Amino acid sequence: MNRTHRIVCLLLAVLMAFTLAACSKGNEEKPSEQPQSQNAGSDASQAGNSENASDPAGQAAQPAKLSGKLNLIDLDDRDPSVLRGLRIAGNLAGTADGFNGKDPSLTDVRCIFELNEWIEFYPDTDKEYALRVWVLRHRDDQEYYNTCKFSDLMPNFANYCDLHYPADEDNPDEWHWGSFYLNPADCEPGYYDFVFTYEGKAIATLLTRFYAENELTVKSDAELEALMHE
């Protein structure tokens with residue numbers, strides 16, 4: 001082999017070495033880029049799922065908001081006089097003349113309580129009407145109560161209370177029609193629905209909130225009123 005051939009072979013060998021090195025480097029870089037792209041897509045997907053967790057439309061569900069307002073259920077056969085107003089009192093939080101001494105109302109009813117607090121009902125209704133209050137964990141779909149069949153086997157059922165005219169008392173206007181409490185051993189703090197029924201049908205609901213024991217007893221009437229409308 002002459003000198004010229006040797007030089008050509010050497011140049012070809014060097015060129016092949018550079019080519020192989022370039023291919024090897026390209027193959028090493030590609031796998032490291034692909035997982036980064038997959039991770040980015042996964043993060044975006046997780047962020048989207050987190051944002052849409054409570055609402056398929058992408059809007060976060062609004063938390064329950066207290067108002068102290070009775071929501072009357074419009075039934076064709078409901079007599080409006082069945083529940084004209086309501087006063088609710090408790091034996092732990094608030095004063096008898098202030099927070100617990102409200103006049104019966106449809107728009108300003110006490111709606112915050114403590115677990116283990118006796119809750120008394122003073123409805124503005126005629127004495128022949130017998131009502132029942134069902135206490136259930138709060139539902140966002142309030143329309144459910146329009147056709148609900150109430151029983152002690154229903155889900156999220158916490159307690160119920162029958163309301164009867166206190167005919168045996170000397171001062172019926174000052175004596176509660178019924179009372180109950182939620183046992184902290186069985187119920188947790190949180191939002192509950194008071195559902196008032198007559199002849200097995202819901203006639204009104206009230207959004208309420210139950211706090212842990214001793215959370216409200218230290219608060220003044222003004223502070224309790226503020227909590228009712230926060």
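Strands β8 and β9 run against each other, pairing in the antiparallel sense over nine bridges. This is a predicted model, so everything below is read from predicted coordinates. The two strands form a hairpin with two residues between them, and E199 takes a positive phi near 55° in that hairpin. On its other pairing, β8 meets β5 (residues 131-137), again in the antiparallel sense, this time over seven bridges. Y192 is a handy residue for following both pairings: it stands opposite T208 in β9, and R137 stands opposite Y192 as well. As for cover, β8 (residues 190-198) is mostly tucked away, with seven of its nine residues buried.

A second piece of strand architecture is an open sheet of three strands, ordered β2-β4-β7 and paired antiparallel. Its edges are β2 (85-90) and β7 (178-180), each of which pairs on one side only. Leaving direction aside, neighbouring strands of this sheet are turned by 25° against each other on average. Within the sheet, β4 (residues 119-124) and β7 pair in the antiparallel sense over three bridges. One register point is easy to pick out here: the bridge partner of F121 is G178 in β7.

F121 and Y192 turn up again among the aromatic side chains. Ring pairs link F113, F121, F180, Y192, F194, F196 and F210 into a cluster. Some members of that cluster sit on strands already described: F121 has its bridge partner in β7, while Y192 has a partner in β9. For the whole protein, the count of aromatic pairs comes to 17. In general, a pair of aromatic rings is described by the distance of the centres and the angle of the planes.

Charges over rings add two further contacts to the picture. The charged end of R87 sits over the ring of Y122, 3.9 Å from its centre. R139, in turn, lies over the face of Y144, at 3.7 Å from the ring centre.

Away from the strands, the backbone has a couple of quirks at asparagines. N156 has a positive phi of about 60° despite not being a glycine. This residue is found in the loop between α2 (144-147) and β6 (157-163). With a relative accessible area of 46%, N156 counts as partly exposed, because it falls short of the 50% needed to be called exposed. N214 behaves in a similar vein, with phi near 75°, a positive value in a residue other than glycine. N214 lies in the loop between β9 (201-211) and α3 (221-228). Its relative accessible area is 57%, so N214 is on the exposed side of that cut-off.

Zooming out, the protein has three helices and nine strands. From the N terminus on, the elements run α-β-β-β-β-β-α-β-β-β-β-α. Of its 230 residues, 32% count as buried. The protein exposes about 14300 Å², and carbon and sulfur atoms supply 50% of that area. Finally, taking contacts between residues at least 6 apart in sequence, 68% join residues at least 24 apart.

Terms used
Residues are numbered from 1 along each chain as its sequence is written. This is a predicted model: local features need pLDDT of at least 70, side-chain atom pairs count only at pLDDT 80 or more; totals for chains, interfaces and linings use all residues. Side-chain values use heavy atoms; hydrogens and water are left out. Helices (H or I, at least four residues) and strands (E, at least two) are DSSP runs, numbered from the N terminus. Buried means under 20% relative accessible area, exposed over 50%, partly exposed in between (1.4 Å probe, protein chains only). Rings of Phe, Tyr and Trp (its six-membered ring) pair if their centres lie within 6.5 Å; planes under 30 degrees apart count as stacked, over 60 as edge-to-face and the rest as tilted. A charge sits over a ring if NZ of Lys or CZ of Arg is within 6 Å of the ring centre and within 35 degrees of the ring normal. Contact means heavy atoms within 4.5 Å. Accessible areas come from the Shrake-Rupley method with a 1.4 Å probe; for residues, only the protein chains shown count as cover. Two strands pair if DSSP finds at least two bridges between them. Axes are lines fitted to C-alpha atoms, for helices over the stretch in contact, and angles run from 0 to 180 degrees between N-to-C directions.
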